[in-house]
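Ready to find your way around a new protein? Work through the exercises below one at a time, and try each task before you read its solution.

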Amino acid sequence: MFVNCTPLAVAYTLKPNAAPSLFTPEPNRYEFHLTNFAENWANLEAIYALLSRYGHPDFHIVVTVSPVPLMNTFSTMDIVVANTWAKSLLRAVAQEWAGAHPNVDYFPSYEIVQNSDRAAVWEPDLRHVRSAGIQHIMELFLQKYLE
């Protein structure tokens, strides 16, 4: 079972030792794990199986990769390397998985942001996408899937 939060209550504090850890009460309960292509594929297939079994018979899935970069990593990789690795892995899995199912589409929000003028699309912190960029992506999404 995976925890979908950081082990620190305040992961991005300037004083990490001051942040309480999930590890403190049970130090052997957690371990760090990077998922690979096969594990991500299996997780998507499990979601697909649940939707096939319990969802509407005509369900359609749109999958994408967030353009927002990682702010931190618990791996030994440099954050830039970890971010590139994670986005590349998720992007490859998303494309392959979408191609394997006729009712799954990949929507290129990651590519739209990454291939746009940085000054136009990113806030000054280079972590958050500007409102105009988000609006553009949503307009494209709505044109493709709802209009």
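**Exercise 1: Two helices that meet**

Work out how helix 1 and helix 2 are placed relative to each other.

Solution. Keep in mind that this is a predicted model.

Step 1. Start with the axes: those of helix 1 (residues 37–54) and helix 2 come within 10 Å and cross at roughly 45°.

Step 2. Now put a word to that angle. Angles under 35 degrees count as roughly parallel, and 65 to 115 as roughly perpendicular. The crossing therefore makes helix 1 oblique to helix 2.

Step 3. Next comes the handedness: helix 1 passes helix 2 in a right-handed crossing.

Step 4. Finally, look at who takes part. From helix 1 the residues in contact include Phe-37, Trp-41, Leu-44 and Tyr-48, and among their partners in helix 2 are Leu-89, Val-93, Trp-97 and Ala-100.

**Exercise 2: One residue in that meeting place**

Decide whether Leu-44 is buried or exposed, and find what it touches.

Solution.

Step 1. Place it first: Leu-44 sits in helix 1.

Step 2. Check the accessibility. Leu-44 has 18% relative accessibility, so it counts as buried, given that buried means under 20%.

Step 3. List its contacts. Once you set aside neighbours within four places in sequence, Leu-44 is in contact with Val-93 and Trp-97. Both of these partners belong to helix 2.

Step 4. Compare chain and space. Leu-44 and Ala-94 are 50 residues apart along the chain, yet their C-alpha atoms are separated by 8.8 Å.

**Exercise 3: The whole chain**

Describe the protein as a whole: which elements does it have, and in what order do they run?

Solution.

Step 1. Count the elements: there are five helices and two strands.

Step 2. Read them off from the N terminus, and you get α-β-α-β-α-α-α.

Step 3. Look at burial: 26% of the 147 residues are buried.

Step 4. Look at the contacts. Of those with a separation of 6 or more, 58% are between residues 24 or more positions apart.

Step 5. Turn to the outside. The accessible surface comes to about 10400 Å², and carbon and sulfur atoms account for 59% of that.

**Exercise 4: Side chains that reach a backbone oxygen**

Find which backbone oxygen the side chain of Asn-103 reaches, then do likewise for Ser-109 and Thr-84.

Solution.

Step 1. Asn-103 lies in the loop between helix 2 and strand 2 (104–106). With 14% relative accessibility, Asn-103 counts as buried. Its side chain reaches the backbone oxygen of Phe-59 at 3.1 Å. Beyond residues up to four places away in sequence, Asn-103 touches Tyr-48, Phe-59, His-60 and Ile-61.

Step 2. Ser-109 is in helix 3 (residues 109–114). Its relative accessible area is 9%, so Ser-109 is buried. The side chain of Ser-109 reaches the backbone oxygen of Val-65 at 3.3 Å. Again leaving out residues up to four places away, Ser-109 touches Thr-64, Val-65, Pro-67 and Ile-137.

Step 3. Thr-84 belongs to helix 2 (residues 79–100). Its relative accessibility is 44%, so Thr-84 counts as partly exposed. A polar atom of the Thr-84 side chain lies 3.0 Å from the backbone oxygen of Val-80. The C-alpha atoms of Thr-84 and Pro-69 are 8.6 Å apart, with their positions 15 residues apart along the chain.

**Exercise 5: Two loop residues**

Say where Asn-72 and Leu-126 are found, and work out what is worth noting about the phi of Leu-126.

Solution.

Step 1. Asn-72 has its place in the loop between strand 1 (61–63) and helix 2. At 30% relative accessibility, Asn-72 counts as partly exposed. From Asn-72 to Ala-82 is ten residues in sequence and 8.8 Å in space, C-alpha to C-alpha.

Step 2. Leu-126 is in the loop between helix 4 (118–121) and helix 5 (131–145). Its relative accessible area is 42%, which makes Leu-126 partly exposed.

Step 3. Now for the backbone. Most residues other than glycine have a negative phi. Leu-126 is not a glycine, yet its phi is positive, at about 55°.

Conventions
Residues numbered from 1 in each chain as written. Predicted model: local features only at pLDDT ≥ 70, side-chain atom pairs only at ≥ 80, totals over all residues. Heavy atoms only, no water. Helix = DSSP H or I, 4+ residues; strand = E, 2+ residues; numbered from the N terminus. Buried < 20%, exposed > 50% of the residue type's maximum accessible area, 1.4 Å probe, protein only. Contact = heavy atoms within 4.5 Å. Areas by Shrake-Rupley, 256 points an atom, 1.4 Å probe, with all protein chains shown as cover. Polar contact = N/O pair within 3.5 Å; in protein donor to acceptor, adjacent residues only side chain to side chain. Axes fitted to C-alpha atoms, helices over the stretch in contact; angles between N-to-C directions. Parallel < 35°, antiparallel > 145°, perpendicular 65-115°, else oblique. Left-handed = near helix turned anticlockwise from the far one by under 90°.
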